[in-house]
Amino acid sequence: MNKTVKAQSNINFKKLISKPEFSSLLILIIMFVITAILQTNFFEIKSIIRNINAFAPLILLSMGQAVVIISGGLDLSAGAALSLFTCVLTTIMKKNDPTTGIYALLITIVVALLVGVINGIGIGYLRIPPVIVTFATSYIWLGISLFLRPTPGGEAVDWFKAFYDVGAVKGMPEFIKAIGGVIPPALVLVLIGCAFWFVISKTRTGRHIYAVGGNSDSAYASGINTAKIQMIACIINSIFILLAALFFVGQNQSGDARMGDPMTLKAIAAAVVGGVALAGGRGSVYFGLVGALILSFVNKIIFFANIPNAYQTLVGGVIVIVAIAGSQAYTLYNKRAMLKESK
Amino acid sequence: MNNLMSIQNGALQNVYEKYKKFIIAFLLIIFLFILGEITVSNFFSLAQILLTIKLAAFIALFGLCQMVVIAAGDGGLDLSVGYTATMTAVLTASIMDGMNENLWKAILVALGIGLVVGVINGVLSAYVKLPPLIVTLAMSNILQGAINVYTAGKNITGKPSPVLTLIAAKSTGIFPNILFILAIVTVVVMIILYKTKWGLMLFGVGSNETTAYLSGVNVKLVRCIAFIISGVLSSLIGLLLIGNMGIAFKDMGSNYVMPSIAAVVVGGVSMAGGDGNYLGVILGSIFLQTLTNLLVALGWGDAGKWTGFGTVLFILLIVYVSNRRSR
Amino acid sequence: MIILEATGIKKRFGGVIALSNGNLKCQKGKITGLLGANGSGKSTISKIITGVYSADAGEIKYEGRIVKYKNPNEARKDGIAMVFQNLSLVADLTVWQNIVLGAEEKNGLFLNDESAKELSKEIIDQLLPSLDINKKVYELNPGEMQIVEIAKAISNRPKLLILDEPTAALEQEQVKSLFNYMRKLAAEGVAMIFTSHRMWEVMEICDDVTIFRNGMDVATMDFSKECKDPEKIISYISGDTKKAKVEKSRKVLTDETVLSIKDLNYGKYLKNISFELRKGEILGIGGLAGQGQNELMLALAGNYHGVRCIAEVKGKRVKLNKPANAIRNNILLVPGDRQQEGLFLKHSVYTNMIFPKMALKHQPLFIPRKKYREECEQIIKTLSIKTHSIDTIVNTLSGGNQQKVVVGKWLSFDTNVLLLADPAKGVDIGAKRDLYDYIVRQVREKNMSVILYASDNEELIEYCDRILIMYEGQIVATLEGDDINEDTIVAASMRVRDFGGEHVG
């Protein structure tokens, strides 16, 4: 009896290790430790908040991207959509009229939904390869952004700064400022994103997102409306991107048509590093967060290793390739190991 | 008797199918010119047309790179063409330094860069089986980063060899010289694709990789070579770019990436692979350049250009690529 | 009480008639068996009942009303469920998640995972108690996956359950559990249609049996009234007429061995296959569908990189790890799925025909257009390919002519071994005759050697000198000379009689 129990726990342990999530957690811990060592004031509150602020946008984008990838798609227009949302917000808002902030918010929500719907129709209903269709839509978002903001600029109402730093808003009650000093709005936005996904993941739609990405023919044979599910995944991604846009506008009070460009690839890489399979159907959205953290820490490490600024883009690109190649190789290795075992 | 009739009708339909996309592309161009003539005067003049075709030539050349990679199938695309060209332009600018003597060195460097980029793209896409889009996008970032490193803090010095300027920027009479290059390239490409075994192998691999494999073709090698060709070609185009502009700068090539892909789609070349009518790509390039000119003439600038490109591409994807058949 | 009645069902696919007159009756609480050879129509009629295909003619009455389902979902809502062979599972989800997929119960807004797990456990416990419902489907072996498919169909509480070869992937124990569950369902009034190629299973579980042959039902045996006689059933399946074997003008069979295969193994698909092919011989591969015949043909053509075997062509060792190697040794394949594996659908007849030459070592860079076009025209004449011109796009041709193109592309090659993977499937009679005429001529005149896999036993009988019967990836019987007839092939395929292969269970 004891032997079988031990054998079973051995197998369980092996299964645990072979999951991509396990290795990404391990890598995260390693990166965390290295960064903590290199950055002397790592554990000071101010620097923690600064880090959270720096990491939050990528975290949000990669979580949204994870949802789309799990559903069997891919969104190359994520960065451009982010830029678009910042441009829409800062074009509608007028600095001196607080109510324009509310209009801007409502209209941008509608824009975000439209972005998700258009991508969703292309991927889900028209079944154009996601890579190509989101490539096309990324230019549509870029063009509209340039219409609104040919050069970076625009305005934001004062209370919008609350999305970045609660203390910067005039007339904010003291106790909220105090809370904001400890729990930065960026963290709140990430938590909102997590809560949002948490709710969805417990519904039928959440389960179906995995089913459609895993095997859309099987999902269809089971009566699931695969096109609708893929569109919903695109819309969810849009919401995550919107949260990131709120943060950026809160921070900079300006919109920029090209600010999101470098983030698309990073978001995809972060999701993959976090264990989301590009083929779809597998992975955890929360681990998109883990992947984003890993990439962010790696960036910090490069910064602290005193690699000149100029090299950072270069190294960034190399890291992406290594990360994705590594994940792919890891998945292939696991698949082969499993095939061998099952024989 | 009925069989024969239906076979004949089938043949007629084949002809129609083949040229339908050409006709559409051509009609679209005419449509744009008419639109342009109505809204902006002097749009439809010989000088304008030649200028349009000259600018379109660069798109078409990049489009060739895309077409080769796309023809090999499996969702191949090369997003690194822009920065490969830029990299070559930036590195060779000081080598050439405005003289013809060092042109051969510049060409060697260009070939080297193209080979390295192409091999990396090809191996990662065809052998390691990473999605080509992500590989080439990351490669594009790496090249951009490398260019940043190289030009950190200093201006890019150097000028193209006069030969290059002659080919790329100048005209013979009213004909821009680049068009001769385009014509030569077109002839060479069409011959290789349609008259040699390489072209046939490429089309087979893109059309049905299982059938190609079972017929003894090394599918992975063919796909890898497609990326190498794209890399080398885009690198050489970099020489033409600097010849045209007179100097090299960091964003020289990046604006060509999207149009190069769009030109392939507009030209009716199948995104699934197996197809490669370069004339279609040229027509597509002319269409896109005409569209750009029209939008600029209307004062809609960059914003209009990208929105227009994106929308046109999206619509054509719906028409040509979408898979609406119910299961 | 009759719950389903199908009358006069007709169905054709292109030029091939799958059903000319299909009739079937099912009763509540009774298990009806469907038997028949490959292509007899038994699978087609099941798929028509559940809405995967639509009938060209005929009527289906379900619970007294006429029904015509457009897809399996409609049938499912009406209470008719079909268990497919691994068509509706998502590998990355768990067993219980798959069982309730598409029909998950909700607790307000959220999924009711508790009830889903309970339901799954309840069903699985009766089918395969050792199966952990929390395992992901990709961790399961094929037998377990099949059980999950069955559980999924049952979870909808159907009134009519169709099981199409559900036992193909199951082991003995699992089959026993399945049967117990089926008896329980029958007691609850569920009607079932059950197909299997294992005779003992049909005899054990079915209350009655309907036998299909050549697109129509030819006999129904009610086991409550008649006794279960396997030989009688076999004769229904194969047809009473023992066709006198057409005396083919015997060609001189040389003793020269053209191809020798020893211990061919490939994963779980092919096990320990060994045989020799003599020059001028037509060796047939038979057996029920899906026993590895197609995989064998692909393996011999070098398609599987990981295949292990000792192969010799005319005495010379050959590595069958890539198609180029096979082709260079003149082992040429006409693949089983011509559209997916044998043709470039969007290209012309000419392009398809000359393509394999491109991979040859001595192929000139510039394609000798004139020479090849003439060759192509010649081949069209030789095989009587009906096409407007050699530039016609292949996907406009009929199935038979497409198949001729697939064969035609090898005509200009010297052939040591021609591998034919079900060449006449979906091909009209005229084209079929043309193809086989040509092949037989080549064998007689040039001593070409052929390995022929045919799903239609008639073809095996008419053309083959020797037939190897495959079952679950192995060769289980060898039939030669007078032993070659419909009865023996069917019996060997269903492992009823022993023909010098593995011991029959």
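This passage describes one helix of chain C and the contact between chains A and B in a predicted model. Local features rest on pLDDT of at least 70 and side-chain atom pairs on pLDDT 80 or more, while totals for chains, interfaces and linings use all residues. Residues are numbered from 1 along each chain as its sequence is written, with chains lettered from A and ligands numbered from 1 in the order in which they are written.

Helix α6 of chain C (helices being DSSP runs of H or I of at least four residues, strands runs of E of at least two, both numbered from the N terminus) covers residues 172–187. Its 16 residues reach 23 Å from first C-alpha to last, close to the 22 Å expected (1.5 Å times one less than the number of residues). C:Gln174, C:Leu178 and C:Met182 are buried in α6(C), that is, 20 or more other C-beta atoms, placed from the backbone, lie within 10 Å of their own. The buried residues fall within an arc of 75 degrees (taken from the directions from the helix axis to the C-beta atoms), so they line one face of α6(C). An α-helix has 3.6 residues a turn, so residues three or four places apart point the same way. The face turned away carries C:Gln172, C:Glu173, C:Lys176, C:Lys184 and C:Ala187, which are exposed (12 or fewer such atoms). Just after α6(C), C:Gly189 takes a positive phi of about 100 degrees.

Turning to the other two chains, the contact (C-beta atoms, placed from the backbone, within 7 Å) takes 34 residues from chain A and 37 from chain B. On the chain A side, α14(A) gives the most, with 13 residues.
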